[in-house]
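Colleague: Please take me through one part of this model in close detail, starting from the overall fold so that I can place it, and then set its surroundings beside a few other sites in the chain.

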Amino acid sequence: EGVLPWISIFSSIFVAVFWLLRLDTYMLLMPTSVFEGFTVAVAIIIGLNQINCACGLVPTEKHKLFVMNIYASIKELGSTKTPSLILFLIQTPILWLLMRKFPKVPWTVIMPVISI
């Protein structure tokens with residue numbers, strides 16, 4: 001518990017030291033597949049964590065393991081709140097289309113303000 005802030009601080013220190021020693025060019029030699037795999041994994045984790053918000057679910061307990069949280073969310077799907085799900089199903093494709101059509105506009109900031 002409480003280890004995440006320390007990991008963040010130390011990783012920031014490592015990056016700063018690499019930058020000061022001009023070793024940052026070697027950090028860019030990591031294969032593209034590693035960056036893409038990491039990005040996809042993070043996207044899956046974020047997406048699965050949004051199940052509760054999309055369906056209006058309130059899980060009874062928060063587990064330490066990510067997989068257990070997803071399992072608890074899936075068990076609660078029977079109590080999905082229809083308005084939350086409808087709003088999610090409408091906003092998601094609209095947000096995707098707006099981001100593709102007008103990429104310079106910060107739609108991920110604007111959409112929540114509009115929908116409140």
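**Helix H5 and its surroundings**

Modeller: The secondary structure of the protein comes to seven helices and zero strands, where helices are DSSP runs of H or I with at least four residues and strands are runs of E with at least two, numbered from the N terminus. Along the sequence this reads as α-α-α-α-α-α-α. The model is a predicted one, in which local features need pLDDT of at least 70 and side-chain atom pairs count only at pLDDT 80 or more, while totals for chains, interfaces and linings use all residues. Residues are numbered from 1 along each chain as its sequence is written, and side-chain values use heavy atoms, with hydrogens and water left out.

As to overall dimensions, the radius of gyration of the protein is 19 Å, whereas a compact globule of 116 residues would have one near 13 Å; the radius is taken over C-alpha atoms, and the globule rule is 2.2 Å times the number of residues to the power 0.38. The C-alpha trace spans about 55 × 40 × 25 Å along its principal axes. Of the 116 residues, 10% are buried, a class that requires under 20% relative accessible area, with exposed set at over 50% and partly exposed in between, for a 1.4 Å probe and protein chains only. Among the contacts with a separation of 6 or more, 27% join residues 24 or more positions apart, a contact being heavy atoms within 4.5 Å.

Against that background, the part that I would look at closely is helix H5, residues 66-75, whose buried residues are Asn 69, Ile 70, Ala 72 and Ser 73. Seen down the axis of H5, these buried residues fall within an arc of 160°, so they line one face of the helix; the arc is that of the directions from the helix axis to the C-beta atoms. The face turned away from the buried side carries the exposed residues Val 67 and Lys 75. The cover over the buried residues of H5 includes helix H3 (32-49) and helix H4 (51-55).

Two asparagines help to show how H5 is connected to what surrounds it. Asn 69, which lies in H5, counts as buried at 14% relative accessibility, and a polar atom of its side chain lies 2.7 Å from the backbone nitrogen of His 63. If residues up to four places away in sequence are not counted, Asn 69 touches Glu 61, Lys 62 and His 63. The second asparagine, Asn 52, is found in helix H4, and its side chain makes a polar contact of 2.7 Å with the side chain of Ser 73, where a polar contact is a pair of N or O atoms within 3.5 Å, of which, within protein, one must be able to donate a hydrogen and the other to accept it, and residues adjacent in sequence count only if both atoms are side-chain atoms. With residues up to four places away again left out, Asn 52 touches Leu 57 and Pro 59 as well as Ser 73.

The cysteines deserve a careful word, since a search of the whole structure finds zero disulfides, a disulfide being a pair of cysteine sulfur atoms within 2.5 Å. Cys 53 is in no disulfide, and the nearest cysteine sulfur, that of Cys 55, is 9.7 Å away, too far for a bond. Cys 53 is exposed, with a relative accessible area of 56%, whereas Cys 55 is buried, with 11%.

For comparison elsewhere in the chain, Leu 95 is found in helix H6, residues 82-101, and is partly exposed, with a relative accessible area of 21%. Leu 95 touches Trp 107, Thr 108 and Met 111, not counting residues up to four places away in sequence, and its C-alpha atom is separated by 7.5 Å from that of Thr 108, which is 13 residues apart along the chain. The search of the whole structure also finds two aromatic pairs. One of them joins Phe 102 and Trp 107 in a tilted arrangement, at 6.4 Å centre to centre and 55° between the planes; rings of Phe, Tyr and Trp (its six-membered ring) pair if their centres lie within 6.5 Å, and planes under 30 degrees apart count as stacked, over 60 as edge-to-face and the rest as tilted. In this pair Phe 102 counts as partly exposed at 43% relative accessibility, while Trp 107 counts as buried at 16%.
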